[in-house]
Amino acid sequence: MKRTVPLIVAFTAGLFGCLVQYVPHAAAQDALSAAVTWDRIIAAFAAFLGIGSLVFAHVRRVERRQAGWGYSAVLLFGFALMVVAGLYNGGTGPFAAEVNAYPDGTPTPMTWLFRYVLKPASATMFSILAFFMASAAYRTFRARTVSAALLLTAALIVMIGRVPVGAWISPALPELTQWLMDVPNAAVKRAIFLGTGLGVIATSLRIVFGVERAYLGGD
Amino acid sequence: MPTNRRAAPALVALLVALALPAAARAEPGPVLSDYPDDDGKALLVEWPAPAAAEPAGTKYDIEIADADAPDRTGPAAKLPAGTRYAEDLPEVYGFGAGRARYAVKIDRAPPAAEGDAAADLTPGRSYVVLLTRIEPDGTRTTLGRSAAAVPKGDLFDTRKINNIVFLLLFGGALVWLTEQARRNPEGMFVRRIPGLEALDEAVGRATEMGRPVFFVHGLAGISSISTVAAVNILGKVGEKIAEYGTAFRVTNRDPVVMAISEETVKESYLRAGRPDLYRDESIVYVSDDQFAYAAAVEGMMVREKPASNLFFGYFFAESLLLTETGAATGAIQIAGTDAYTQLPFFITTCDYTLMGEELYAASAYLSRNPKLLASLKTMDAGKAAILAYLLAGALLTTLGVPFLRNLATVF
Amino acid sequence: MNVRRLLTGIDRRVIYLALLFVIVGAFYVPLDLPIRPAKNALAVHERIQALKGTGRPILLSFDFDPGSEAELAPQARAVLHDAFDAKVPVVAMTLLQNGQDVARGVLNDVAAARGAVEGKDYVLLGYKPGTTTVILSMGQDFRDAFSADVNGRPTAELAPTRDVRKLADFGYVMSFTSTGAWESWMIFGHERYRFPLGLGLTGVLAPDTFPFIATGQIQGMLAGLGGAAEYEAIVSRPDAATRGMRPQSAGHLLIALFVIVANAVYLTDPALRAKKR
């Protein structure tokens, strides 16, 4: 039962999703709309699953004083703070429309936390990429073979051609960059998309017909 | 009656002479019909295009009304002359229909009351349209009112016949090759994939060093094929981990993937005969925020110093953050993704990288299951067929025969 | 001191410091760099200008979170200026839960600068979970997906959304994203419902879209901060993106220099070439 019911659901849903692509009649499209609405509701509930798992795992780590439990305590504090701020909603409560600022323009606690804690933290993490990229490029981009040398040359042209200093150095650089993107890059990407597209079709057919069962958690 | 016989031709000639100027004065009216291959909420309006070029600034105005109340019209479409010919609707008229007729799809119903917003056409209800030409100086000339037509929903979209034929051929090949694989599983050759061969090495290294193995899922949910492939690999890695008794961490960004990972790893430990070694806390839901996930996993890597890092799934910008940190801790790293924008970062920072379809092939490669091997072969056969079609189509189109190109058009 | 060994063994922290110094320093170098709009950026502008006077709104989907705001918010700002200039109604939404505040911030800034009125010139629909399913839902029945805007006002009554019943009623749809949302918009949006689709992407995602631009499935694309600077040049409103071109150029040049130096040493040192990675 534990395996059979999900397989039947997967088969039925897969067949429905496939057939509805070929049936333009309003009845089929209305059925698709209903299915899509159900999917949105399920997706929203999945968020609770994640929250429950997160809180449970970190509470257990704090209770057992496992390695790194201090970080779990910080996480739980931050989590509780955001939940309380969100429910407070600038004094209007969780059932009112979202309030971003008080009448005098000062941000609500939720907005303040989002703008001055979450946003800078996210931007900082993204900014680290530039440094990591420079370090990775310096350590590992070597022209070990002919194809690697070609790749390196193209990479340097595109790196310089995509920024205004490239046009300042030579007007040919942006032109060459655009050609590299429009012709070799597009051609290779097309080939890759064709291959992965076939892979997606094959795997989807396997899932629909019950051959692929990884999503059930094992064979 | 000789007089009548002589009079008849003269009479006919007179009638024709009288009729001709009238015919020249008669304006071409619109023809309204159901729009094919749709949900019944559209109609098609056609009318002949004048042979001579129309003056710049000429427009056509189409108004729609219920057949029961033809005088209460609402706007349906307005278009400049010289646009929207039959050749612009190849899904209706085929390719090369030319510019002899205008053809416009309309899907707006007359408003129920004055000031109401536009609504959809109702399938089964009868409508008429009124066609007016607006000259450049603003003069409006009514070209005619169409006969009534009824929009109807269609049960099959004939524009997608090429699509369904391809799907049936692909599915047929899959069934046939599966049967071949069942009869002769040894005959299904799959080339060596170094990244998958190295999984044993990665687990062995961690066991020797007494440090954990980290399995890092990508950002996509279970609906992504790369995540399905990652879960397959997790199952095989879990078995090895259970055999050796190595410490294990599986990080997840999606709660559904986490639940599936828990089941998969539990099954793996059970298959290896070591269910006692399974720990719930090995499977960790971190965060669904991209950079919070990356920051948390990096922190875990720096603190716990895993011997081996396995990155499988669909990654975005956090890929380099994860792998660079992992490389700095000295771990052996194996990655597999179909996110081509991240492949350069994985290749430069990881010891082995599975690219795109190599990741999809993982489940077949590791299990050697005949059905899964057959699907690999079907993918290869599909690629060969597409390659042949592309070459033939490009050659024919170059020679002025666009048949194969038109056949592959998606509407 | 062996210069070769020094050049191939630079500590990664030295690289980080050098990059930091060059990027920050570039802000203070008074150098005007030429910004030439690419054809894909011009295509976005043409699409928006073509809607002038038609009354058809554009849909802007802010599918990015604060991490990508530095790259994508300047694109969105420039496009908003263009849309308000052309008096094209704007409908904004997001498929990411952290995108709503970002969308609100950008809209408020540009609307305040242009005197645009919410509910009349633009509407913020807010966030709905589900990505693909939201797009499908909007394609089937827009009012079912978004019956009200973020302030609770019915979309059937607001000027920009009054005549919108499905996605195809928008004159142009543009997704600003650093995630795979662009693929969802293309596959489940454009391919099914046939509306013109434009994209504003981070630099790393842009190369993936060129095959689809060539086939006409994507009509216009802004790539990274450079794309934002190009659009600012198109609408003659130099702003954050234009200012960011100097440090970005400096950073790219520095990385290129590192790669060239490392390869020059590598190619001229047989011992290094013989060593396995």
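Q: In this predicted model, which helix of chain A holds M181(A)?
A: Happy to start here, with the place of M181(A) along chain A. The helix in question spans residues 172-208, and its name is α7.

Q: Is M181(A) buried or exposed?
A: Its relative accessible area comes to 10%. Buried means under 20%, so M181(A) counts as buried.

Q: Which residues of chain C does M181(A) touch, leaving out residues up to four places away in sequence?
A: Let's go through the contacts by chain. In chain A, M181(A) touches V158(A) and A186(A). In chain C, the partners are P207(C) and F210(C).

Q: How are the rings of F84(C) and Y122(C) arranged: stacked or edge-to-face?
A: A nice pair to look at next. The count over all chains comes to 25 aromatic pairs. In the pair of F84(C) and Y122(C), the ring centres are 6.1 Å apart and the planes stand at 65 degrees. Planes over 60 degrees apart count as edge-to-face, so this pair is edge-to-face.

Q: How many residues apart in sequence are the parts that F84(C) and Y122(C) tie together?
A: Both residues are buried. F84(C) lies in helix α4 (residues 69-85) of chain C, while Y122(C) lies in strand β3 (residues 122-127) of chain C. The pair therefore ties together parts whose separation in sequence is 38 residues.

Q: Which residue lies over the face of Y71(A)?
A: Two charge-over-ring cases can be compared here. The charged end of R65(A) sits over the ring of W69(A), 4.4 Å from its centre. For Y71(A), the residue over the face comes from chain B, at 4.4 Å from the ring centre, and is R303(B).

Terms used: Residues are numbered from 1 along each chain as its sequence is written. Chains are lettered from A and ligands numbered from 1 in the order in which they are written. This is a predicted model: local features need pLDDT of at least 70, side-chain atom pairs count only at pLDDT 80 or more; totals for chains, interfaces and linings use all residues. Side-chain values use heavy atoms; hydrogens and water are left out. Rings of Phe, Tyr and Trp (its six-membered ring) pair if their centres lie within 6.5 Å; planes under 30 degrees apart count as stacked, over 60 as edge-to-face and the rest as tilted. Helices (H or I, at least four residues) and strands (E, at least two) are DSSP runs, numbered from the N terminus. Buried means under 20% relative accessible area, exposed over 50%, partly exposed in between (1.4 Å probe, protein chains only). A charge sits over a ring if NZ of Lys or CZ of Arg is within 6 Å of the ring centre and within 35 degrees of the ring normal. Contact means heavy atoms within 4.5 Å.
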